[in-house]
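Hi,

Here's the structure I promised to pass on. Have a look at it first, then read my notes underneath.

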Amino acid sequence: MVQVRIVGMGNVVSELNSIQITHWKSGLFFVEKEIKRGILPQKTDTNSWAYSDSILETTFSKMKFTSKADITFFILDAPIEENYLTRILSENRIVVTYYNVKQVLQKENIPLENYLLSCIYTYVLLFLARKNETLTLADEEDIFHDYFEGCLFDMCGNKSEVIYKCVQPIICEQCRAYLISKGVTKDDVNIAVKEQKKLKRILYYRIVHWLKIHPYLAFFISCFIAFLLNIFANYFTRLF
Ligand SMILES: [Zn+2]
């Protein structure tokens with residue numbers, strides 16, 4: 001089992017349901033029960049007001065933890081180098097930003113936790129493919145793809161596409177083959193696929209979403225229900 005640590009570096013962490021994250025049941029990883037907190041430097045160091053890999057490396061390397069984790073996720077709500085969603089830094093430190101992502105998720109009524117969990121699955125699988133060694137940027141460049149099909153390893157050049165990685169993402173055939181070629185077992189890939197089916201919208205919004213994409217069916221169902229109610233109403237009227 002891969003041990004995962006979460007460190008919140010911005011306000012967005014206080015908006016997450018930390019219990020859902022730290023108590024997530026997985027056959028691949030477990031998350032430390034306490035989400036640690038840290039502080040970002042006051043000033044960014046790029047022309048685009050983003051934090052560079054360099055300044056984040058310096059900041060994170062100064063933070064000391066008593067426990068030993070295989071992967072540490074640093075959660076931000078600020079822009080990072082080249083406006084990426086995630087970055088791999090040294091010693092299996094992964095930066096995950098909610099910058100421009102939080103609004104997209106909220107607009108689509110997708111829980112913010114889904115995005116972090118989706119990122120955890122992504123890098124846990126890469127960690128297993130790396131045979132439990134240190135991840136590098138090359139590891140994600142080898143598997144992330146520009147074509148888009150709701151796969152865990154979609155690049156999401158357009159940040160609005162991130163919603164498809166946050167609601168029951170798939171692992172496409174090409175990525176599955178790549179992971180297995182790198183030594184990840186079929187069982188572990190299947191576990192990831194199965195567990196990701198639990199990444200859903202909350203029930204009310206699932207119903208709303210279903211109605212949106214099936215308007216005609218929803219119309220006929222509502223007509224059918226109205227018809228049934230009419231029959232029941234007539235039946236009970238005759239009884240009394
Ligand atoms: Zn893929």
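Start with K131, which sits in the loop between α4 (112–129) and α5. Keep in mind as you click around that this is a predicted model. Is K131 buried or exposed? K131 counts as exposed, because just 9 other C-beta atoms lie within 10 Å of its own and the cut-off for exposed is 12 or fewer. Its backbone is worth a look too: the phi of K131 is near 60 degrees, a positive value in a residue that isn't glycine.

Now step along to N132, which is also placed in the loop between α4 and α5. N132 isn't a glycine either, yet it has a positive phi of about 65 degrees. With 10 other C-beta atoms within 10 Å, N132 is exposed.

Next, follow the chain to L152. You'll find L152 in the loop between α5 (137–143) and α6 (163–166). Is this one buried or exposed? L152 is buried, because 22 other C-beta atoms lie within 10 Å, and 20 or more is what it takes. So what does L152 touch, if we skip its neighbours within four places in sequence? Its contacts are S118, Y121, T122, K165, P169 and I171. For a sense of distance, try L152 and I39: they are 113 residues apart along the chain, and their C-alpha atoms are separated by 29 Å.

On to the core. The largest nonpolar core has 54 residues, and the members touching the most others are F73, I75, L116, I120, Y123, V124 and L125. Which elements supply at least two residues each? They are β1 (2–8), β2 (29–31), β4 (71–76), β6 (93–97), α3 (101–107), α4, α6 and α7 (173–181). The biggest giver is α4, with 13 residues.

If you want one core residue to click on, pick Y123, which is among those touching the most other members. Leaving out residues up to four places away in sequence, Y123 touches I71, I94 and L135.

Last, zoom out to the whole chain. The domain assignment splits it into domain 1 (2–201) and domain 2 (207–239). How far apart are the C-alpha centres of domain 1 and domain 2? They lie 43 Å apart.

That's what I have for now. Shout if anything is unclear!

Cheers

Key:
Residues are numbered from 1 along each chain as its sequence is written. This is a predicted model: local features need pLDDT of at least 70, side-chain atom pairs count only at pLDDT 80 or more; totals for chains, interfaces and linings use all residues. Helices (H or I, at least four residues) and strands (E, at least two) are DSSP runs, numbered from the N terminus. Two residues are in contact if their C-beta atoms, placed from the backbone, lie within 7 Å. Domain bounds come from an automatic or database domain assignment. A nonpolar core is a set of buried Ala, Val, Leu, Ile, Met, Phe, Trp, Tyr and Cys residues joined through C-beta atoms within 7 Å.
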